[in-house]
Structures are given as C-alpha cells and as structure tokens.
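Please look over the structure shown below alongside this report, which takes up a strand pairing, the cysteines and the confidence of the prediction in turn.

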Amino acid sequence: MEYAVGYARISDQDQSNTSIEDQPIIIKEYCERVGLNLTKVFIENGKSAFTFDRPEWKDLETLIKKDKRIKFIVVKHIDRFSRADLVDALVKIREIEQKLKVRILTVKDTLAQDTNELGFKLLRTMELLMSNNERNRIQERTQDGVYRSLANGRWINMAPYGYTNSRDSQNKPILLINEVEADNVKKAFNLFLNGLGAFEIADKLGLKNKRRSFVTDILKRKLYAGIIDVPAHKGKLAYETTSINEPIISKSIYYQVQNMNRFKGNKYHGNDEVWLRGILSCNECGKPMTAGRSKGKKGVYYWYYKCGTHRVNYSANKVHNLVHEILEHFSLPKSTIENVLKSVKAQITEMDKNKGFDLQKINTELSKVKKRISDAQEKYLLNEDISKETYTNVISGLKAKESELQEKINEVNTDVNLTDAKLHEIILQLSNIKTVFQNLSCELKQRFISVVLSRSLCYTGQHLLIENLHPFFSSKYAAVKALNLLEIKNPDINYIEVSSCSRNITIGQLADFLFIL
C-alpha cells in the first residue's frame, strides 16, 4: 500500500461555501476507496491560497522531502491546493511532481491517472486558471466592499487608540469612543499645540510603556477629526470624506497640528544626566556634541560633552552649573513682574473689547477659505487634467490658512479670566527661574533652553554662545554678558533696560512658556 498525505484549506472568504470539517473526511474516504495509506491531513484554517507561504503547507513540504515513502498529496479540489498566479502554481506542481516524485491528486482523480498526459495537464491548467480567476473576483469584491464602506464614512479595520469596534443596528461596523483613551488623544493634541514633543507628551500622559512613535501616530491620524481617506479606485481619484463615527477632536485642531510640521527631527531624549545633548554644539565646527562618561581617579563616573571631530571634552557639571548661574540672573525682580502684569492685563482688556469685531472679520475670511477648499476638491474630482501634486499643494495651503484662521477664532474666544490666571502663574514662576528649571523633567529642560536661549548653543570653555535670546529676558543680557556668562553671536536688536522692556512684553511671548505649568 502506497503512502499519502492530505491537505485541507479554508480561507476567511470561503467560510460560506466550504467546510473545513468536510475536507479531511472526504480525503480520508477517497484514500480508503483507492487503497492509499493516509499518514496525515494538514489543515490550513483561515489562510488564503494566493501564495504558498502558509504554515501548514510549508510543514507538508518539509514532511514529503524527509519521508520518501509518501508518493501522493490528496486535496478535495485543485483550488484547495492553490489560487495563486497560474505560472506560480504550475511551477510548484512541477517542483513537487518531477523533483520530489510526489503526485498531486484531487478526490475525483484515479491512481491510474497519468498526470503527465497532455489532456490531463490541459484540464488541470484550465482548473487552475479558473481558480486564479475566482481569486481575482474575490479580491475585486473585497476591494469594492472596502471602497464602498470608506466612501460611506465607515472605518472597517481594527479600532485605533481612543475607539472600540462595535456594530450598529444594521450589523455594520461602527466605532464607539473609549472615554479614557479619547481623553488622552485630546490631551496629546493640546499638549503638542502648547509646544511639547512626542516624548514629553507620552511622559505626561503616562504612556511610557508605549513607543514615542505611538504619540506621533496619534497626532497624524485623521480619523480623530472625523476624516476618512478614500483611496483611488477603478478610475476614481482619491479624496477625503466625513466619518460617520463621532470625532474626538475638531478639524481645526487637527490641521493646526499638521501645519506645525514638527514630527521629524525631534532630538529630545530622556537622560537627565546630560540634558544639553542635542542642543549643545561644538564652538569650532558647529556640529552637535555627543555625551559620554568616564571613570575618575576615585572610581566615580562623571559625564562630559564631547566633539568627535575636534576631540574636545567639557565637564557636564561645569556646563550645567553655567546654565544654572545664567538662569539665576534671569530671575525677575518684583517691580518688573508688576510692570509686566499691568501690560498684559491691558492687552487682555483690549482683546476683549475688540472680540466681536475680530470674530466677524475672521469668520467672513474663514467662510471664503472653506468655499475655495470645496471648489478645489470639486474641480479635482471632475477634471482629470489636474495632477495630484498640484491638487495636494493647493489644498494643503488652503487648509493651513483655514487652520490659521480657526486658531485666531480660538484665541479670540479664549476665556479672559482663564488667560489672565495662566499668564499670571507663568510670570510668578519666571521670578524664580533657576528653581523652576531644576524641577523640570529632562525633556522640559531642553524645551526651556530652546525657548530661552535658542535651539543651538555653543560652549567656548568659559561662556555660552547663543543665536538669540527670548525677549522676556532681553533686559538681563547686558549683566550676564559683563560677567562673561553669555554672549549672542550676532545680535540684531538692542537689549534695553527693564523699565522699558517690561512694557513691550506681549501675551504671545508669555504663552511660549505655557509648557512649564
């Protein structure tokens, strides 16, 4: 008696018309009828036959290569063997039948059937061709279904963070809001708008166990704003549509975040021992300095910043202490704080007076921009001569303008008392900058340095060289320069006395420090 193995397969698309339980029974009955010793039936459940990269099939191939007694592979129908491209299927058959000397039979074939006979090869080729055609039809039906769902605003994949998968009254897929996760999504967008990076946001939201890219993915996902991308399909161009699911954030906030375009190049890290890494540059070549640590004479390790090109090492403690000393001089006296508070309150009062007029003006301009966006989308869908690149450039510019106007509306609508309270808290904190700075996390220290002293600074061995200084501290520049603590490379403004400087501080300049609250 000759030996055989069986192979049964069912994919997700086959569930309605083929039973995985029936195939092994039919294969077993066939082997008993024709006198084959069936050693094993490999069962592939939920796997497509579009390729041969299937776990059970690979195990089957391993077995027939090892066990030379096996001369037959039995399947219920040839489409259980393969629905792959016709050429791929024929190559696999030739490999098995000619190289391994194992014949592939369906339950309608006889043992006496010559699989090399021309008529049989032609019949098998036609069956494989029909099977491949059925595969293409399945793919087409699937793609059509996906397109229809997306065009109708339905999300058909696994629910992203902030949502859970569910079904509506018609048993169609719908997303429900996960209140806890959705709250984190809202906070992530707001924190980003307030100047925090992905690493800092993950830290603030308690998402340390997730990758930094997890926050970046949240900030890029259109679905949170109720937007679904509909792909190009059968000659129809790709476009955006409105999701039927409840949005978590407004479109305005989403586009504001995209317009900031700060996903790439985030150099912030979490090592509190060297919080200037990524900010400090070599004074000779301008390249970012790396950080390392060495073992001292007493066996204690110490950190240092170094330039790989010029072989210069600077003690991290020495540079850090210099920054602390500069910030200590930056702390503002009581008289300055009072002057700044008066100036800011006057600006808030003026903003409140003009609120109605400003809103009307901005809303009129916003309506025009939205009309232009709608017209651009319509022209793109109806005019095949407009390239995707041209459309993308136009629509991106318009949406950036829409976000800018919506941000202005949000600013005008900001609760005056809340703004007053927050700005007052910022000013009080900046009266004792060194202490505030030392209590910040590593990421916020880097953010603070980049706001106050610029993103790139150099250490000469004695003092810091910076590109610019935040206007809030301009009155302190002369003093720290005289002490050889700090120098601006190419100052383009006059750093004036505190009495006049404090009157020129704007709400926007104070808002730069919202992240420290």
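## A hairpin of two strands

In this predicted model, strand β10 (residues 290-295) and strand β11 (residues 301-307) pair in the antiparallel sense, with 6 bridges between them. Within this pairing, Ala291 stands opposite Tyr305 in β11. The hairpin of β10 and β11 has 5 residues between the strands, and there Gly299 takes a positive phi near 80°.

## Cysteines

A search of the whole structure finds 0 disulfides. Cys307 is in no disulfide, and the nearest cysteine sulfur, which belongs to Cys282, is 3.6 Å away, whereas a disulfide requires the two sulfur atoms to be within 2.5 Å.

Cys307 counts as buried because its relative accessibility is 3%, and Cys442, with a relative accessible area of 4%, is buried as well.

## Confidence along the chain

The pLDDT of the chain averages 79, and 81% of the residues score at least 70. Among the elements of the chain, strand β5 (residues 163-167) has the highest mean pLDDT, at 93, while helix α18 (residues 498-501) has the lowest, at 40.

Over residues 262-268 the pLDDT is below 50, and this stretch has 24 contacts in the model beyond near neighbours in sequence. The pLDDT is also below 50 over residues 495-503, a stretch with 19 contacts in the model, again beyond near neighbours in sequence. Where pLDDT is low, the predicted coordinates should not be read in detail.

Notes: Residues numbered from 1 in each chain as written. Predicted model: local features only at pLDDT ≥ 70, side-chain atom pairs only at ≥ 80, totals over all residues. Heavy atoms only, no water. Buried < 20%, exposed > 50% of the residue type's maximum accessible area, 1.4 Å probe, protein only. pLDDT = per-residue confidence, 0-100. Helix = DSSP H or I, 4+ residues; strand = E, 2+ residues; numbered from the N terminus. Contact = heavy atoms within 4.5 Å. Pairing = 2+ DSSP bridges.
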